[in-house]
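User: Please take a close look at one helix in this model and tell me how it starts, how it ends and what it packs against. A short word on the main pocket would also help.

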Amino acid sequence: MFQGLHLLIPAKADPERDAVARAWEVGGGTVLRVDRFWSPPEVEPAKTRLYGNDTFCLVLAQKLGLTLESPVDDLLLSVDASWLGREVLGSTLAQVVTGPFPRFIKPQVPKLFRARVWNEPEALLEECRGVDPKTLVLSSEVVDVRAEARAWVLDGHVVTSALYEGEGNVSTARSFLDTVAGQTRLPPACVLDAAWVEGSGWVLLEANAAWGAGLNGCDASEAARCIAAASHT
């Protein structure tokens, strides 16, 4: 399955990455654990794939001339509203602090500040000190989440899924996310998260890049197939 392909992962041990590494090797591929990711090993880029945290993958992709496949940052603003089960709005940081609170707020570009429920604008402004007021954010009303599920998607179909928070029916979560995957413009491989919201059922929570997502209970072998499709020359 992965014959002739090198998978570059961070050198630091991690149970989920280690599981993916084992699956990659069982599939005939080679795993290289990289410590100095700013100085990549001598590998043929066309036969190299990446899996790790954002900085690790972004730097290596630049060094090796690889393209990382990721869902668009504003995906939630373009999907069927019935899949969301809540009001989701796009705005700038400057605009969102003038709106109603409490509110779940996250940057469209991940990791610029913590994604969470913010109870008042003052705390958010303190968190975002130094962040450009024009930074694009997503905000949503606060809902009662009872469970969360993750699905790894390859070519528009869910290949593995699991609950990672709360209690719920993983089969119905997978069916819902398979519908979303089949009717949404997504990269060749990605990860979708769903939440069980009281009164709405399963709703789309967010989309993530396969090259940087944790397993969250999903099958490592199927996730590895998605990771293989998530970076390329």
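Analyst: The model is a predicted one. At the start of α1, a side-chain oxygen of Asp 14 comes to within 3.1 Å of the backbone nitrogen of Glu 16. Helix α1 itself covers residues 15-26, and its twelve residues should span 16 Å at 1.5 Å a residue. The end C-alpha atoms of α1 are 17 Å apart, which agrees with that expected span. After α1 comes Gly 28, with a positive phi near 95°.

Along the helix, the buried residues are Arg 17, Asp 18, Ala 19, Val 20, Ala 21, Ala 23 and Trp 24. These buried residues of α1 pack against three strands, β1 (6-10), β2 (30-34) and β3 (48-50), and against the helix α6 (220-228).

As for the pocket, the largest one holds about 1,200 Å³ of space. Elements that each give two or more residues to its lining are α2 (54-64), β6 (103-107), β8, β9 (145-154), β11 (189-197) and β12 (201-209). Of these, β12 gives the most, with six residues. In total 44 residues line the largest pocket, and Lys 106, Pro 110, Glu 206, Ala 207 and Asn 208 lie nearest its centre. By class, the lining has 25 nonpolar, nine polar and ten charged residues.

Conventions
Residues numbered from 1 in each chain as written. Predicted model: local features only at pLDDT ≥ 70, side-chain atom pairs only at ≥ 80, totals over all residues. Heavy atoms only, no water. Helix = DSSP H or I, 4+ residues; strand = E, 2+ residues; numbered from the N terminus. Expected span 1.5 Å × (residues − 1). Buried < 20%, exposed > 50% of the residue type's maximum accessible area, 1.4 Å probe, protein only. Contact = heavy atoms within 4.5 Å. Polar contact = N/O pair within 3.5 Å; in protein donor to acceptor, adjacent residues only side chain to side chain. 1 Å grid on protein atoms, 1.4 Å probe; cavity = no way out; pocket = protein on both sides within 12 Å on 5 of 7 lines; lining within 4 Å. Points joined across faces, edges and corners; volume = space filled by probe spheres on them. Nonpolar A, V, L, I, M, F, W, Y, C, P; charged D, E, K, R; others polar.
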